[in-house]
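Here is a set of questions about why certain terms are used for a structure, each followed by a short answer.

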Amino acid sequence: MPDLSRGDDAAAVSALRGAVMRLSRRLKHQRVDESLSPTEMSVLGTLARCGHATPGELARKEHVQPPSMTRIVAMLEAKGLVRLEAHPDDRRQKVVTQTEQAEAMLAESRHKRDAWLAELATGLDDDEWAKLRAAAPVLEKLAQL
């Protein structure tokens, strides 16, 4: 567990935060569809990972208020990227599912971002690349906590 009173732990946490934020900003510029907001892209990514969800579940996963998620889902539906279906157990609720168009767009976006990152990684030496491969699962775990 990091001890932020220790200078080296505090420096590592600060360096990680800064690097992740800079890399995230640069990755956001590698979007395929500029008409979608980062939040809309994030919702589509969440649907790609979980398959389907109610608007309330999406709001919790995306850390937004339910009324905001209702608006986001409506915009994505209008763009043909999600469809709303009746909830199988509770007819008062809807389930949000991404469309084939959204799947294709996300696949293209992932490909573009992966290619961009791969190009950046050509600037790493073998030792740095090995460290990055080892760090990837740890970063993924942090993203899920």
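Q: What makes the pair Arg-83 and Glu-85 a salt bridge?
A: This is a predicted model, and in it the side chains of Arg-83 and Glu-85 come to 3.0 Å, N to O. The cut-off for a salt bridge is a side-chain nitrogen of Lys or Arg within 4 Å of a carboxyl oxygen of Asp or Glu, so the pair qualifies.

Q: Are Arg-83 and Glu-85 buried or exposed, and how do you know?
A: Neither word applies. Arg-83 has a relative accessible area of 31% and Glu-85 one of 35%. Buried means under 20% and exposed over 50%, with partly exposed in between, so Arg-83 is partly exposed and Glu-85 is partly exposed too.

Q: How many salt bridges are there by this rule?
A: The count comes to three. One of them is formed by Glu-40 and Lys-79, at 3.5 Å, N to O. Another is formed by Lys-131 and Asp-127, at 3.2 Å, N to O.

Q: Why can the pair Glu-40 and Lys-79 be said to tie together separate parts of the chain?
A: Glu-40 lies in helix H2, while Lys-79 lies in the loop between helix H4 (66-78) and strand S2 (82-86). The two parts are 39 residues apart in sequence, so the salt bridge ties them together.

Q: Why is Glu-40 called buried, and what is Lys-79 called?
A: Glu-40 has 3% relative accessibility, which is under the 20% limit, so Glu-40 counts as buried. Lys-79 has 33%, between the limits of 20% and 50%, so Lys-79 counts as partly exposed.

Q: Where do Lys-131 and Asp-127 lie?
A: Both are in helix H6 (residues 126-144). They are four residues apart, about one turn of the helix. Lys-131 counts as exposed because its relative accessibility is 53% and the limit is over 50%. Asp-127, with a relative accessible area of 46%, is partly exposed.

Q: Why is H2 called roughly perpendicular to H5?
A: Helix H2 (residues 38-50) and helix H5 (residues 100-121) pack at an angle of about 105 degrees, with their axes 11 Å apart. Angles of 65 to 115 degrees count as roughly perpendicular, so that word fits H2 and H5. On the H2 side the contact is made by Met-41, Leu-44, Gly-45 and Ala-48, and on the H5 side by Ala-102, Met-105, Leu-106, Ser-109 and Arg-113. By class these residues are six nonpolar, two polar and one charged.

Q: What makes H2 roughly perpendicular to H4?
A: H2 and H4 pack at an angle of about 85 degrees, and their axes are 10 Å apart. The angle falls within 65 to 115 degrees, so H2 is roughly perpendicular to H4. Thr-39, Glu-40, Val-43 and Leu-44 of H2 make this contact with Met-69, Ile-72, Met-75 and Leu-76 of H4. Six of the residues are nonpolar, one is polar and one is charged.

Q: Which residues have the most contacts inside the largest nonpolar core?
A: They are Leu-44, Leu-58 and Leu-76, in a core of 18 residues. H2, helix H3 (55-62), H4 and H5 each give two or more residues to this core. In soluble globular proteins, nonpolar side chains tend to be buried together.

Q: What is Leu-76 in contact with, leaving aside its neighbours within four places in sequence?
A: Leu-76 is in contact with Leu-36, Glu-40, Val-43, Leu-44, Leu-81 and Val-82.

Q: How do you know that Thr-46 should be called buried?
A: Thr-46, found in helix H2, has 5% relative accessibility, and the limit is under 20%, so Thr-46 counts as buried. Beyond its neighbours within four places in sequence, Thr-46 is in contact with Gly-51, Leu-58, Lys-61 and Glu-62.

Q: What is the phi of His-63, and why is His-63 called exposed?
A: Phi of His-63 is near 60 degrees, a positive value in a residue other than glycine. Most residues other than glycine have a negative phi. His-63 lies in the loop between H3 and H4. At 72% relative accessibility, against a limit of over 50%, His-63 counts as exposed.

Note on methods: Residues numbered from 1 in each chain as written. Predicted model: local features only at pLDDT ≥ 70, side-chain atom pairs only at ≥ 80, totals over all residues. Heavy atoms only, no water. Axes fitted to C-alpha atoms, helices over the stretch in contact; angles between N-to-C directions. Parallel < 35°, antiparallel > 145°, perpendicular 65-115°, else oblique. Contact = heavy atoms within 4.5 Å. Nonpolar A, V, L, I, M, F, W, Y, C, P; charged D, E, K, R; others polar. Buried < 20%, exposed > 50% of the residue type's maximum accessible area, 1.4 Å probe, protein only. Core = buried A, V, L, I, M, F, W, Y, C linked by side-chain atoms within 4.5 Å.
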